[in-house]
Amino acid sequence: MSPTQSLESLLWVLRPHPALAVAVSGGVDSMVLAYLAHRFSTADVVAVHAVSPAVPAAATERVRRHATRHGWTLRLIDAGEMADPDYLRNPVDRCFHCKKNLYDSMGAVAGVPTASGTNLDDLSDFRPGLEAARQRGVIHPYVEAGLRKADIYALAQAHGLDDLAALPAQPCLASRIETGIVVDEDALRFVEQAELGLAQLLPGQSALRCRITAAGVVLECDSVPAGAARQALEAWAESFCAQAGRRFAGVRPYRRGAAFLRVEA
């Protein structure tokens, strides 16, 4: 589907809604949705961003920057997931509890229907947050318009959103903590700082992750360096983890969702 066709399909989906609150995480999907809905649809659009220890500071700054640049109505909220024991214990359906808190908070603040940046590709993954969305009547315009991740990147490129078109997928920081290990602010802060350090050491890699696992801290990257470069990376990681009182457990190739442990029946 061309960017022009994608936009036409998206606007057709948005047409019945006089007002929408777009849940903007700071990632490419929700940011492009907020931009297109604000600029091209007839809806009264408010962008809602949850500020949280699980959201990288860079993502919040990106939302603020785009809101200022494009004239969005932006509301920053505390979704309250860090006060939810069901979220903090990090069960297999942690995302359900995260989205439950987010959408309930958005409904209380915005008072209009909520739209998410979920796209067709997301439906093939195990996403408990989609059930929380279903229970609260959240709409998924990309899904209704038949758009996939590639279509969204193409839309970003076509509309001059160059920083978003170059933005790799970056789920919340809690997704780096292995299922069953309690989520706390110290762990989230550690992950964020580790990944900032990784980005400086390994520029140009599209996926860099710091995983907190039962075995210790594991670093992941698209292309694991060899020789002296790997030794330097491991030495940095050993030192960084030691300063935080954590054990370094090695480097491995990036694996999507590697911290998610699902026990099959």
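Here is a short tour of this predicted model, from the whole chain down to a few strands.

**Start with everything selected.** Show the full protein as a cartoon, and you should find 11 helices and 7 strands. The radius of gyration is 19 Å, close to the 18 Å that the globule rule gives for 265 residues, so the protein is as compact as a globular protein of that length. Switch to the C-alpha trace and look along the principal axes: the span is about 55 × 40 × 40 Å.

Now turn on a surface. About 12500 Å² is exposed, and carbon and sulfur atoms supply 53% of that area. Colour by burial instead, and 48% of the 265 residues count as buried. If you draw a contact map, keep the pairs with a separation of 6 or more; residues 24 or more positions apart account for 72% of those contacts. For charges, pick out the 27 positive and 29 negative ones: their mean positions are 1 Å apart.

**Next, select the open sheet.** It has 4 strands in the order β3-β2-β1-β4, and the pairing is parallel. Which strands sit at the edges? They are β3 (73–77) and β4 (114–115), each of which pairs on one side only.

Zoom in on residues 44–50, which form β2. This strand pairs with β3 over 5 bridges, in the parallel sense. To see one place where the two strands line up, label Ala50 and Ile77: Ala50 stands opposite Ile77, which belongs to β3.

**Then move to residues 208–213.** This is β5. Is the strand mostly covered or mostly open? Mostly covered: 6 of its 6 residues are buried.

Show the side chains here and check each face in turn. In a regular strand, side chains alternate between the two faces of the sheet. On one side of β5 you get Leu208, Cys210 and Ile212, all buried. The other side carries Arg209, Arg211 and Thr213, and these are buried too. Both faces of β5 are therefore covered, with buried meaning under 20% relative accessible area.

**Last stop: the partner strand.** Add residues 216–221, which make up β6. How many bridges join β5 to β6? There are 6, and the two strands run antiparallel. Follow the chain from β5 into β6 and you pass through a hairpin, with 2 residues making the connection. Finish by labelling Thr213 and Gly216: Gly216, in β6, is the bridge partner of Thr213.

Conventions:
Residues are numbered from 1 along each chain as its sequence is written. This is a predicted model: local features need pLDDT of at least 70, side-chain atom pairs count only at pLDDT 80 or more; totals for chains, interfaces and linings use all residues. Side-chain values use heavy atoms; hydrogens and water are left out. Two strands pair if DSSP finds at least two bridges between them. The radius of gyration is taken over C-alpha atoms; the globule rule is 2.2 Å times the number of residues to the power 0.38. Buried means under 20% relative accessible area, exposed over 50%, partly exposed in between (1.4 Å probe, protein chains only). Contact means heavy atoms within 4.5 Å. Accessible areas come from the Shrake-Rupley method with a 1.4 Å probe; for residues, only the protein chains shown count as cover. Lys and Arg count as positive and Asp and Glu as negative; His and the chain ends are not counted. The place of a charge is taken as NZ of Lys, CZ of Arg, CG of Asp or CD of Glu.
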